[in-house]
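Have your viewer ready and your selection tool at hand. We will move from stop to stop, picking residues and looking at what is there.

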Amino acid sequence: MSRLPLVAGLVALLAPAGPSFAATDVPTGTVAFFDLAACPAGWTTASYATGRLIVATTDGAKLRVQVGTPLANQENRTHTHTYATTVSVDDKSISGADSCCNSQAAHATTYDVKGATQAAATGLPFIQLTVCEKQ
């Protein structure tokens, strides 16, 4: 079973009308995903994109900005969340028992609460493909 490159849909969008369109009509610098073990002729591995979520931008100053560490092969990265808050409680008296010498009643105070959640994987479904740039 032959595997067609996933770039076919992109190439179709870029293709001029008529039968004269060829793979050489793909503009230099085009980045595309392929369902192939290696990039086809005329393309090179876009190693800067390997393991990264690719996000489109309309701001040329933000091209190729990289944030964080790329995912490793088949990695389902875990993450945690930290939290911090305060909890205030009101006075609560026990009728007939609240006096100068009874410490059983609750007195108004504020508690600081902070911590972190346990590490958990994202569980997002993904597929790994070869990402290539047209030369």
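The tour below goes through strands, a disulfide, salt bridges, some loop residues and a pocket.

Before the first stop, two notes on reading the model. This is a predicted model, in which local features need pLDDT of at least 70 and side-chain atom pairs count only at pLDDT 80 or more, while totals for chains, interfaces and linings use all residues. Residues are numbered from 1 along each chain as its sequence is written, and side-chain values use heavy atoms, with hydrogens and water left out.

**Stop 1: strand β1 and its partner**

Select residues 31-34, which make up strand β1. Strands here are DSSP runs of E with at least two residues, and helices are runs of H or I with at least four, numbered from the N terminus. Show the side chains and you will see them alternate: Ala 32 and Phe 34 point to one face and are buried, whereas Val 31 and Phe 33 point to the other face and are not. Buried means under 20% relative accessible area, exposed means over 50%, and partly exposed lies in between (1.4 Å probe, protein chains only).

Now add residues 130-134, strand β7. The two strands pair in the antiparallel sense over four bridges; pairing requires that DSSP finds at least two bridges between the strands. Which residue of β7 is the bridge partner of Phe 33? Click on Val 131 to find that partner.

Just before β1, pick Thr 30, in the loop between α1 (8-14) and β1. Thr 30 is buried, at 13% relative accessible area. A polar atom of its side chain lies 2.7 Å from the backbone oxygen of Pro 27.

**Stop 2: the disulfide**

Select Cys 39 and Cys 132, which are joined by a disulfide with an S to S distance of 2.0 Å. The rule asks for a pair of cysteine sulfur atoms within 2.5 Å, and the count comes to one disulfide. This pair links distant parts of the chain, with Cys 39 in the loop between β1 and β2 (43-45) and Cys 132 in strand β7, 93 residues apart. Measure the torsion about the S-S bond in your viewer: it is about -95°, so the disulfide is left-handed. Both ends are buried: Cys 39 has a relative accessible area of 18%, and Cys 132 has 0%.

**Stop 3: three salt bridges**

Side chains of opposite charge can pair when their charged atoms come close. With a salt bridge taken as a side-chain nitrogen of Lys or Arg within 4 Å of a carboxyl oxygen of Asp or Glu, the count comes to three.

- Stay with β7 and select Glu 133, which forms a salt bridge with Arg 64, the closest N and O atoms being 3.1 Å apart. Glu 133 lies in strand β7 and Arg 64 in the loop between β2 and β3 (78-79), so the pair ties together parts that are 69 residues apart in sequence. Glu 133 is buried at 15% relative accessible area, but Arg 64 is exposed at 52%.
- Next take Lys 62 and Asp 59, whose side chains meet at 3.9 Å, N to O. Lys 62 is exposed at 53%, while Asp 59 is partly exposed at 32%.
- Finish with Glu 75 and Arg 77, with an N to O distance of 2.8 Å. Glu 75 is partly exposed at 25%, and so is Arg 77 at 29%.

**Stop 4: loop residues to check**

Return to Arg 64 and look at its backbone: phi is positive, about 60°, although Arg 64 is not a glycine. Then pick Gln 74, also a residue other than glycine, where phi is near 60°. Gln 74 is found in the loop between β2 and β3 and counts as exposed at 58% relative accessibility.

Now select Leu 124, in the loop between β6 (120-121) and β7. Leu 124 is exposed, at 58%. The C-alpha atoms of Leu 124 and Arg 77 are separated by 9.6 Å, although the two residues are 47 apart along the chain.

**Stop 5: the largest pocket**

Which residues lie nearest the centre of the largest pocket? Select Ala 49, Gly 51, Arg 52, Leu 53 and Ile 54 to see them, out of 40 lining residues. The elements giving two or more residues to this lining are β1 and β7, and β1 gives the most, with three. The volume is about 1,500 Å³. On a 1 Å grid over the protein atoms alone, a pocket is an open set of points where a 1.4 Å probe fits, with protein on both sides within 12 Å along at least five of seven lines, and lining residues have an atom within 4 Å of a point. Points are joined across faces, edges and corners, and the volume is the space filled by probe spheres set on them.

Key
Polar contact = N/O pair within 3.5 Å; in protein donor to acceptor, adjacent residues only side chain to side chain.
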